[in-house]
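Please walk through this structure with me. Start from the whole chain, then move to single residues.

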Amino acid sequence: MNFDLDIFIKCALGLVAIWTLYYKRTEIVALMHKDYGSKLESTTRFFKEFLKDEKKSKLERDRAAQEIARLDFVDYDMVAYLIKLHEARLVNFDKIIRYFKRGHKLIVYTPDENVNSQNFKLKIKEGRSVNRQVFNYGAQYVFFAMLLMIPIAFSSEILRNMHSEPTFFHYLFGGAYLFLCFILSLLPLLNTGNLHDADSFIESIKKADLELEAIRQNEQVENLNNSTISNFSEYRRSRHF
């Protein structure tokens with residue numbers, strides 16, 4: 001009876017730990033990405049010296065873009081595009097950069113001088129939905145987490161049924177096995193969060209592009225209407241005189 005209670009307690013604690021780790025993944029990742037730099041200084045310098053300045057070399061502009069974004073894997077054209085969306089109040093620059101920072105390994109970016117949402121796509125199997133990929137990551141997490149939890153839960157029984165005293169090799173093998181299972185369960189957990197961020201990045205800029213195009217079309221219609229009214233007024237004045 002004591003043995004059964006011991007196993008139950010270990011299993012319960014293991015399940016609680018796995019559940020907590022899964023739902024705290026966002027906070028865990030966020031602790032790794034805190035930015036303590038002076039954003040105002042680098043932003044002011046970027047706008048004054050680099051934004052829309054074709055005299056600067058591409059390398060200089062890329063370095064300045066990396067400074068303002070606090071990322072090594074962005075370029076000037078991409079950052080200028082995101083700033084344009086921010087200035088139009090369609091995205092929040094800091095938020096969209098955080099999405100890209102966390103999800104960039106699952107995003108395929110095609111550099112171009114005129115960047116838009118079409119330059120980005122998710123790095124998942126063709127035809128597979130985001131929800132399906134998240135399910136696959138979740139299944140991997142549960143599988144390896146169970147492989148990690150079961151030996152721990154039944155460790156007392158395993159040691160009791162061994163025909164000889166455990167040696168250093170047994171402990172080394174057991175430790176390596178547990179460490180490997182822990183890593184293999186952690187990777188899909190982190191990938192799930194990264195995929196959500198990557199998808200949020202792409203969906204946000206796609207929506208922003210559509211809204212920006214709608215704004216441009218409205219401006220064109222207004223300019224056309226104003227031009228038509230102006231021409232009509234000129235025509236009436238000419239007829240009057």
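How much area does the chain expose, and what share of it do carbon and sulfur atoms supply? The exposed area is about 16,800 Å². Carbon and sulfur atoms account for 59% of that area. Keep in mind that this is a predicted model.

Next, the fold. The chain holds nine helices and two strands. Their order along the sequence is α-α-α-α-α-α-β-β-α-α-α. Six helices thus come before the two strands, and three helices come after them. The chain has 241 residues, and 30% of them are buried. Now consider contacts between residues at least 6 apart in sequence. Of these, 70% join residues at least 24 apart.

Helix α9 gives two residues to look at. This helix covers residues 168-240. N194 is found in it, and S204 has its place there as well.

Take N194 to begin with. Is N194 buried or exposed? N194 counts as buried, because its relative accessibility is 16% and the cut-off for buried is under 20%. Leaving aside residues up to four places away in sequence, N194 touches R102, G103 and L106.

Now turn to S204. Its relative accessibility is 25%. Buried means under 20% and exposed means over 50%, so S204 counts as partly exposed at 25%. Which residues does S204 touch, not counting those up to four places away in sequence? They are V91, I96 and Y99. I96 shows how a contact can span the sequence. S204 and I96 are 108 residues apart in sequence. In space, their C-alpha atoms are 7.8 Å apart.

The surface offers another feature. L15, V142, M146, I150 and F154 form a nonpolar patch there. Together these residues have about 410 Å² of accessible area. Which helix gives the patch its largest share? That is helix α7, residues 130-153, with three residues.

F154 is one of the patch residues. Where does F154 lie? F154 sits in the loop between α7 and α8, with α8 covering 155-160. The relative accessible area of F154 is 33%, so this residue is partly exposed. Patch residues need over 30% relative accessible area, and F154 has 33%.

To look back: helix α9 holds N194, which is buried, and S204, which is partly exposed. The nonpolar patch draws its largest share from helix α7, and F154 adds to the patch from the loop between α7 and α8.

How values were computed: Residues numbered from 1 in each chain as written. Predicted model: local features only at pLDDT ≥ 70, side-chain atom pairs only at ≥ 80, totals over all residues. Heavy atoms only, no water. Helix = DSSP H or I, 4+ residues; strand = E, 2+ residues; numbered from the N terminus. Buried < 20%, exposed > 50% of the residue type's maximum accessible area, 1.4 Å probe, protein only. Contact = heavy atoms within 4.5 Å. Areas by Shrake-Rupley, 256 points an atom, 1.4 Å probe, with all protein chains shown as cover. Patch = residues over 30% accessible without salt bridge, like charges linked within 9 Å, V, L, I, M, F, W, Y side chains within 5 Å. Salt bridge = Lys/Arg side-chain N within 4 Å of Asp/Glu carboxyl O.
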